[in-house]
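User: I'm new to this one. Could you take a close look at the salt bridges and at the sheet that sits next to one of them in the chain?

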Amino acid sequence: MSSPQSKPQIIAHIQKSLNYTVFDSKWIPCSAKFVCLGNFPRGTGVIQIYEVHQGEAQLIKEVEKPKPIKCGTFGATSLQQRHIATGDFDGNLNIWNLETPGVPVYAVKAHKEIVNGIDGVGGLGIGDGAPEIVTGSRDGTVKVWDPRQKDSPVANMEPMEGETKRDCWTVAFGHAFNDQDRCVCAGYDNGDIKLFDLRNMSLRWETNIKNGVCCVEFDRKDISMNKLVATSLEGKFHVFDMRTQHPTKGFASVSEKAHKSTVWQVRHLPQNRDIFMTTGGAGNLHLWKYEYPAQRSKKDSDGVDVGVAGSVNLLQNATLSSQPIASLDWSPDKQGLCVCSGFDQSVRVLIVTKLNVV
């Protein structure tokens with residue numbers, strides 16, 4: 001048995017109270033700065049930039065926007081520009097230059113209703129091919145955007161004529177390991193998970209996990225699909241092994257009841273794809289490690305390959321607040337550094353130690 005001292009520790013390094021509801025927080029790549037996105041009590045949106053300096057988070061910029069901002073990503077920008085793409089309560093997709101954030105460098109009315117989720121790929125040196133942004137909305141659609149192309153999406157995944165529209169809560173890119181291949185995974189309020197193949201413009205796989213899907217994330221965006229984690233309302237999360245797709249059984253998975261309430265987010269450690277953090281509705285964080293099985297696939301009775309799921313081990317957990325932790329973002333540059341924000345109107349910088357020994 002390992003001693004408690006040898007386990008990773010979750011240390012709250014900085015805590016900052018805010019005067020607004022914060023929905024998302026993201027590290028600015030290659031910097032000691034992070035962005036907070038949210039809405040003021042008066043119903044307007046806000047973008048704040050903080051710099052971590054000598055154990056404090058110092059506010060260096062604040063911009064008010066007409067509509068509350070729900071989500072953001074740096075995934076489609078270059079390391080030189082570091083523009084953030086945001087989705088707001090009015091269905092707008094905007095891209096901001098944080099040096100001069102007065103006017104967006106790209107703006108489109110992406111959806112009829114709130115943009116719940118956003119992700120980017122093809123920027124920051126992660127993922128081959130064109131820079132693209134995916135948005136998911138309450139209007140039931142999932143759309144892919146190329147910031148170099150104005151006004152219309154390059155792909156639009158919407159319900160068929162006559163199908164009921166489900167609220168899309170979360171979207172994620174994956175499988176972007178060459179110029180042609182790319183997938184989008186979307187999670188919906190009724191428990192549906194859909195995997196869209198952007199190369200063939202087809203629905204590659206779908207399943208239902210019985211509870212609203214709060215967050216989906218591939219362990220890496222820029223490799224042939226390896227693992228996908230999906231979190232849900234009733235405290236459960238599922239890890240799918242995406243290497244072997246069976247014609248009828250789909251992908252093998254393992255599920256874990258992690259929290260007593262909603263699992264709001266999952267974020268994989270950039271420096272180790274088998275370690276991930278989940279954030280909970282009761283203000284807690286759980287740090288997990290995925291263990292692969294001895295063999296990741298086997299033959300079924302018909303001689304067809306079927307995946308074999310591994311297991312998940314809890315490395316550490318911590319309670320930061322009594323309110324949900326709605327967002328978490330690992331620093332891409334410093335292993336173990338992360339920023340998280342919650343509905344207690346606080347943003348925290350955390351340090352997770354000993355991640356290289358697990």
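Analyst: Here is a walk through the salt bridges, followed by a sheet.

A quick note on the ground rules: this is a predicted model, where local features need pLDDT of at least 70, side-chain atom pairs count only at pLDDT 80 or more, and totals for chains, interfaces and linings use all residues. Residues are numbered from 1 along each chain as its sequence is written, and side-chain values use heavy atoms, with hydrogens and water left out.

Searching the whole structure turns up 15 salt bridges, a salt bridge being a side-chain nitrogen of Lys or Arg within 4 Å of a carboxyl oxygen of Asp or Glu. One of them joins the side chains of Arg182 and Glu132, at 2.9 Å from N to O. Arg182 sits in the loop between strand S14 (168-174) and strand S15 (183-188), while Glu132 belongs to strand S11 (residues 132-137), so this pair ties together parts that are 50 residues apart in sequence. Strands here are DSSP runs (E, at least two residues), numbered from the N terminus. Both Arg182 and Glu132 are buried, where buried means under 20% relative accessible area, exposed over 50%, and partly exposed in between (1.4 Å probe, protein chains only).

Next up, Glu217 and Arg267 meet in a salt bridge of 3.4 Å, N to O. Glu217 is in strand S18 (residues 213-218) and Arg267 in strand S22 (residues 263-269), so here too the linked parts are 50 residues apart in sequence. Glu217 is buried at 17% relative accessible area, and Arg267 counts as buried at 15%.

Arg348 and Asp344 make another salt bridge, with their closest N and O atoms 2.9 Å apart. Arg348 is buried, at just 3% relative accessible area, whereas Asp344 is partly exposed at 25%. There's also a network of salt bridges that links Asp219, Lys227 and Asp274.

Now back to the loop that holds Arg182, between S14 and S15. Those two strands belong to an open sheet of four, in the order S14-S15-S16-S17, with antiparallel pairing. S14 and strand S17 (202-208) are the edges, each with a single partner strand, so one side of each has no neighbour in the sheet. From one strand to the next, the twist averages 15° (axes are lines fitted to C-alpha atoms, and angles run from 0 to 180 degrees between N-to-C directions). S14 and S15 pair antiparallel over six bridges; two strands count as paired if DSSP finds at least two bridges between them. For Phe173, the bridge partner in S15 is Val184.
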